[in-house]
Amino acid sequence: MRVRAATVTVLAAVLAAALDAGAASQAQTVTGTAVIGAIAKLNLSTSSITFPDADPDTVPTIAPSQGAITITAKARASLGATVTLTVQAADDFRSGTATIPAASLTWSATGAGFVGGTMNKAAAQTVASWTDSGNRTGTQSYVFQNSWNYAAGTYSLTLTYTLAAP
Amino acid sequence: MRHLLRILGVTAVVLVVASASASAATATQNVTATATVAARATLTLSAATLTFADANPDTTPSIAATEGAITVTAKGRTSTGGSITLTTVSADDFKSGTDVILASALTWTASGAGYAAGTMNKATAQSVGSWTGPGNNAGQLTFALANSWSYATGSYTMAVTYTLTAP
């Protein structure tokens, strides 16, 4: 019926107006927290280097069979902090009771922040250093000083690398 | 009746707070370095020939080599405590055709640590130097030929072999 339809329309309009006049909003605050901790991750392309025998007269310094070591140092540190990579020998080269000084091992380096050096069993030696967090890559090329004064034998030496992110 | 519904909007403000941990971090990796040192011997002599000129046995009973002293460099790598030896032996006596001057007419004196004097011998190697352990050993040998009226004239030759051993 016509009268009924007209009544519904009016009621709908009145209800809509009432809703518009009473509209409201509500704000909520959510706090999100992200913890960024110091992390250090070190990767070396090889865990062993081998120096073959050679004539000291013709080969005064011996390169390892494996070639250069590729180093990837990833670190997160506080702003402005110094991230360091060091290496230290556990002892001298040893073959039974015969020894060759750890200092007979030297290296050169490539890559931003990487430096050359001489192995030391008493104190950690700097391989690289950087400021702030980052992902750094470089290479380290060792050489072994040859000599007629070395007793015959197979010598070994453990080197420990330490990446520190303060 | 249909009820009209309206969804009320809610505004959320999200605050993100990032904080860094105060604790340091380290990572370590080990590398094993291995070096092979084999036994090895290298011998160097400053001259490959010695020449003894003719001389009056009365006035020159012992003839020095024209070349002077031979400088010897004996380099050897052996085990710790191992013995490195340098010896010499002649292939034969001095010979000029069928004429002979005994190898033992040739003697030498020596200087340098580990070097020793001696008399040439064609049957048995004679010690020239000996050392313990690896090293680079330099010295000098000064040869002399005993002169004599009993020698037949001629031009005599004799080959001498030096052997350096580093076990």
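Which residues have the most contacts inside the largest nonpolar core? They are Ala75(A), Leu157(A), Leu163(A), Ala165(A) and Ala35(B), in a core of 39 residues. A nonpolar core is a set of buried Ala, Val, Leu, Ile, Met, Phe, Trp, Tyr and Cys residues joined through C-beta atoms within 7 Å. A residue is buried if 20 or more other C-beta atoms lie within 10 Å of its own, exposed if 12 or fewer, and partly exposed in between, with C-beta atoms placed from the backbone.

The model is predicted; local features need pLDDT of at least 70, side-chain atom pairs count only at pLDDT 80 or more, and totals for chains, interfaces and linings use all residues. Residues are numbered from 1 along each chain as its sequence is written, and chains are lettered from A and ligands numbered from 1 in the order in which they are written. The predictor gives the complex an ipTM of 0.82 and a pTM of 0.81. For chain B the mean pLDDT (the predictor's confidence in each residue, from 0 to 100) is 90. In that chain, 87% of residues reach 70 or more. Residues 1-21 of chain B have pLDDT below 50. Beyond near neighbours in sequence, this stretch still has 35 contacts in the model.

Chain A has 1 helix and 13 strands. Helices (H or I, at least four residues) and strands (E, at least two) are DSSP runs, numbered from the N terminus. The helix comes before the strands in the sequence pattern. Of the 166 residues of chain A, 28% count as buried. Two residues are in contact if their C-beta atoms, placed from the backbone, lie within 7 Å. Among contacts in chain A between residues at least 6 apart in sequence, 72% join residues at least 24 apart.

The contact between the chains takes 59 residues from chain A and 44 from chain B. On the chain A side, α1 (2-21), β1 (26-36), β2 (39-44), β3 (48-51), β8 (98-100) and β13 (153-165) each supply at least two residues. β13(A) gives the most, with 13 residues. By class, this side has 35 nonpolar, 20 polar and 4 charged residues. Here Ala, Val, Leu, Ile, Met, Phe, Trp, Tyr, Cys and Pro count as nonpolar, Asp, Glu, Lys and Arg as charged, and the others, Gly among them, as polar.

Strand pairing crosses the interface. Two strands pair if DSSP finds at least two bridges between them. β13(A) pairs with β2 (residues 25-37) of chain B in the antiparallel sense, over 13 bridges. Thr154(A) has Thr36(B) as its bridge partner. β3(A) also pairs with β2(B), in the parallel sense, over 4 bridges. There, Ser48(A) stands opposite Thr32(B). In a regular strand the side chains alternate between the two faces of the sheet. Along β3(A), Ile49(A) and Phe51(A) point to one face and are buried, while Ser48(A) and Thr50(A) point to the other and are not.

β13(A) also gives the most to the largest core, with 7 residues. Beyond its neighbours within four places in sequence, Ala165(A) touches residues of both chains, including Ala75(A), Val83(A), Ala24(B) and Ala25(B). A second, separate core of 12 residues includes Val72(B), Ile84(B), Trp108(B) and Trp131(B).

Chain B holds an open sheet of 3 strands in the order β11-β6-β13, with antiparallel pairing. β11 (126-132) and β13 (160-165) stand at the edges, each with a single partner strand, so one side of each lacks a neighbour in the sheet. In chain B, 6 bridges join β6 (residues 83-90) to β11. Ser83(B) stands opposite Thr132(B).
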